[in-house]
Amino acid sequence: MQDARTVPVAAPGVAVRAGWLVLLALVCLMLAVPLGALTGWDPDELWDAGTRALTLTAAAFVLLLMALTARTVFRLPGATNRRELVVGAEGMDVVEHPKWWHRGGRARVGWDDVQVVNAPGPGELLELYLTRDVPRLPAFAAAEIAVEADTSIEGVRIPAPRLRFGEPVSRDVAEAVAAWRPDLFYAGTGVDQWFTPPQAAGPRPVALPRPDRPAAATSPEPPEVPRSAGPVWLDHGEPWPRLLLAILAQVAVLAGGVYLMNDPFGLPTVAAGLVALVLLVPVLFCCLTLPVTLWLLPRATAGVGILVSADGLQIVRKRRWRPRALERSTVGWDWVQAAVTRRAFDAVPSRAGRRRVVDLYLHENPPLPVPLPGVGADAAASEHAGPDAVGTGRLVGYPATRLRLTYRHDLEPRGRDAWPGNGSPVRMPAHQLRPALLAFRPQLCHGFDDLWEGTG
């Protein structure tokens, strides 16, 4: 029988708080030195009209310093004591040892109290979704309530208490939990996991059965998407209206600035000079950016995107240092093992809005360069020796190449009524990636059941 594993958890310490106290003490000193020089610490002069404001300010900072110092000293034992997680056959003990006047605490999270363990990427965050509140949990491992809006995996009864552990202890805790209960780890495909149990990390897909529930939750069937007669072009290029607006705005600033700098209204000399001085910066800026924008116009208007057809996918991207030269990367359907929706990235908003990804898992050594050449269309290829989630370990044979494509889930519903059942090649926005994949190869698609359910 293996022994329980103890994972030490570093206490926050007082270094940062002490640094703020030192800084506050320096501020108090900077106020006290001139105050003492001016008044000699005479009580009457301290309250004189000329020094009263300085006296009140210095007193306020001194009182703040005393209060924060007392608070830091009071919390010193709790910030420097020993903390640890003990993972064993019965569950995980959360221990905070007593020190001085800090009483500490201890609580056990039994394995029966855990619904699922999740290790979502990016980053090394470990989540334990519980079935109930665990009493007397130490503050450093306090549970929060998970609701549907911030839960990226299926199969969890919510609202539910959730324990979260971050770096640097999350990997040690994940390995300790996997040594005793690998079946508790999330077995779906909805998230990209930075840690999978050793049983799922081999070169071929394996199952982690659990007696009290199915090994893989059956997800609802995705909606049917009519297949067009021709290929579907998912446009990743820059929209013309935005490019024209950028050019017109620079031309307007340049022309209007030069016109106003010539004083068309006959302002006084001083006023005209101030106006010209203020307008000089935007005029010079547009003098530099407008030629660059016009020179890059062919590159910005190059036709980049993803072509989805009965034969497979073709990713068209711009060559890095050529104005209109394109790079074309083709993947046939016979090279695709599975297309999997990843939901966790929805929680990470980008400048273009909230994005999700679809991962296409290809057979080993596909006719696809890694990394993908060019820029423009949002795609990335990477090689994987083992599963990046327990669920993909059941769908994909490893080693495999992962082709990651992004889309806007919030804009997806806009294409609900735009899919024709027949006709010529279809041009669609980039956010219609999942309907295009589902229309041509529904048997390869996993996690597409929420198609067109985003708010947009």
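**Entry 1: a helix and its surface**

I began with Leu 29, which I found in helix α1, a helix that spans residues 15–39. A reminder to myself: this is a predicted model. Next I looked up which residues make a nonpolar patch on the surface together with Leu 29. The list has Val 16, Trp 20, Val 22, Leu 23, Leu 26 and Val 33 besides Leu 29, and the patch covers about 730 Å².

**Entry 2: the cores**

I recalled that nonpolar side chains tend to be buried together in soluble globular proteins. With that in mind, I looked for the largest nonpolar core here and found that it has 36 residues. Leu 360, Leu 405 and Leu 437 have the most contacts inside this core. Helix α8, residues 433–440, gives the core its largest share, with 6 residues. Apart from this core I noted another one, of 31 residues, including Val 173, Val 177, Leu 184 and Phe 195.

I then picked Leu 405 for a closer look. Leaving aside residues up to four places away in sequence, I see Leu 405 touching Leu 360, and also Ile 306, Leu 313, Ile 315, Val 357, Val 358, Ala 379 and Leu 433. Arg 356 and Asp 378 are on the list of contacts too.

**Entry 3: cysteines**

How many disulfides does a search of the whole structure find? I got 0. Cys 287 is in no disulfide, and the nearest cysteine sulfur, at 7.4 Å, belongs to Cys 286.

Are Cys 28 and Cys 287 buried or partly exposed? Cys 28 counts as buried because its relative accessibility is 8%, under the 20% cut-off. Cys 287 counts as partly exposed, at 39%.

Methods:
Residues numbered from 1 in each chain as written. Predicted model: local features only at pLDDT ≥ 70, side-chain atom pairs only at ≥ 80, totals over all residues. Heavy atoms only, no water. Core = buried A, V, L, I, M, F, W, Y, C linked by side-chain atoms within 4.5 Å. Buried < 20%, exposed > 50% of the residue type's maximum accessible area, 1.4 Å probe, protein only. Helix = DSSP H or I, 4+ residues; strand = E, 2+ residues; numbered from the N terminus. Contact = heavy atoms within 4.5 Å. Patch = residues over 30% accessible without salt bridge, like charges linked within 9 Å, V, L, I, M, F, W, Y side chains within 5 Å. Areas by Shrake-Rupley, 256 points an atom, 1.4 Å probe, with all protein chains shown as cover. Salt bridge = Lys/Arg side-chain N within 4 Å of Asp/Glu carboxyl O. Disulfide = S-S within 2.5 Å.
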